[in-house]
Amino acid sequence: MLQAIELPSLVNSERLPAEIAERLASLRLRIEHFQDCWDQHRAEQFVAADYELVFQALRWLGECQPMIGRRFLEWGCGFAVVSCLADQLGWNAHAVEAHPDLVPQAEKTIRQWPARVELFAGNFLPHQAESLAADPTLPSLGHGGPSPYEAWDLDLDDFALVYSYPWPGEDEFHEDVFDAYAAPGALLLMFIGPNEMRLWRKGRPDRR
Ligand SMILES: C[S@@+](CC[C@H](N)C(=O)[O-])C[C@H]1O[C@@H](n2cnc3c(N)ncnc32)[C@H](O)[C@@H]1O
């Protein structure tokens, strides 16, 4: 079962380090340029999160929340900006992206940062996880790519923190997958939309 953790309302009031603010401003331009040129008929999958807010939330939880480890996983990384931020904050960062147009963009971000991020081109959903979806049209479904968990010889329960930016209507699906496969005590951080983030901790099973 997932337990909600409230992010402080002032989480976005702490200033970003100047170097991070500059990097994010230039990445924003690169992403806008990419989206202006992108053939949207081929893919309507990628929307960038508010990276300043995500950085502030990551920094806060790193300082204020108990962790079961330091392994971080971004589900559907797009340009891999959040994974690079996680690396910058001392996480052992892993990222998965299914879309073939976005994987090279993620590689470029990681190379230029430079950051240590294990990037995998494939499907972040564990085997059988699609069966948890009530709606078969959710954008996270139907990516038949290879499994990062097999390639890394890790399972979802080897990660202390998972980050995702679900499309509207698939947030509960991401939560259900995390609840079914993550380790007790692990955290799920989600960017939901402007000024809205959600943080969950997977509870430990009852001892009787
Ligand atoms: C809304 S974007 C978020 C991108 C990035 N995480 C961010 O916060 O800016 C969702 C991303 O997830 C990717 N994606 C969706 N379902 C996926 C799946 N099952 N496996 C891997 N990537 C997936 C999409 O291609 C897209 O890049």
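## A walk from R116 to the cores

Start by selecting R116: at 66% relative accessibility, this arginine counts as exposed. Keep in mind as you click around that this is a predicted model.

**Stop 1: across from R116.** Now add D87 to the selection. The side chains of D87 and R116 meet in a salt bridge, with N to O at 3.5 Å. D87 sits in helix α3 (residues 81-88) and R116 in the loop between α4 (103-112) and β4 (117-121), so the pair ties together parts that are 29 residues apart in sequence. The two ends have unlike surroundings: D87 is buried, with a relative accessible area of 11%, whereas R116 is exposed at 66%.

**Stop 2: back along the loop.** Stay in the loop between α4 and β4, and pick P114, which lies there. Show the backbone and check the link to W113: the peptide bond joining W113 and P114 is cis, with omega about -15°.

**Stop 3: a salt bridge inside one helix.** Jump to helix α1 and select E19 and R23. Their side chains form a salt bridge at 2.9 Å, N to O. Why do these two line up along the helix? E19 and R23 are four residues apart in α1 (residues 18-37), which puts about one helical turn between them. Both ends are partly exposed: E19 has a relative accessible area of 42%, and R23 has 22%.

**Stop 4: a network.** How many salt bridges does the structure hold? There are six. For a linked set, select D171, E175, E196 and R198, which are joined in a network of salt bridges. Zoom in on E175 and R198, where the closest N and O atoms are 2.8 Å apart. E175 belongs to helix α6 (residues 171-181) and R198 to strand β7 (residues 196-202), so this pair connects parts 23 residues apart in sequence. E175 counts as buried at 8% relative accessibility, while R198 is partly exposed at 23%.

**Stop 5: two positive phi angles.** Select A80, in the loop between β2 (71-75) and α3. Its phi is positive, about 65°, although A80 is not a glycine. Then go to D153, in the loop between α5 (148-152) and β5 (161-164). D153 also has a positive phi, near 60°, and is not a glycine either. Buried or exposed: which is A80, and which is D153? A80 is buried, with a relative accessible area of 0%; D153 is exposed, at 69%.

**Stop 6: the largest nonpolar core.** Switch to side chains as spheres and select Y51, F72, L85, Y163, L189 and M197. These have the most contacts inside the largest nonpolar core, a set of 47 residues. Colour by element next: α1, α2 (51-64), α3, β3 (92-97), α4, β5, β6 (187-193) and β7 each give two or more residues to this core. Which element gives the most? That is α2, with eight residues.

**Stop 7: around Y163.** Centre on Y163 and show its neighbours. Leaving out residues up to four places away in sequence, Y163 touches A49, V54, F72, L73, E74, W75, V82, L189, F191 and M197. One of those contacts leads you onward: L73 belongs to a second, separate core of 25 residues, which also includes L2, Y149 and W152. Select those four to finish the tour.

Key
Residues are numbered from 1 along each chain as its sequence is written. This is a predicted model: local features need pLDDT of at least 70, side-chain atom pairs count only at pLDDT 80 or more; totals for chains, interfaces and linings use all residues. Side-chain values use heavy atoms; hydrogens and water are left out. A salt bridge is a side-chain nitrogen of Lys or Arg within 4 Å of a carboxyl oxygen of Asp or Glu. Buried means under 20% relative accessible area, exposed over 50%, partly exposed in between (1.4 Å probe, protein chains only). A nonpolar core is a set of buried Ala, Val, Leu, Ile, Met, Phe, Trp, Tyr and Cys residues joined through side-chain atoms within 4.5 Å. Contact means heavy atoms within 4.5 Å.
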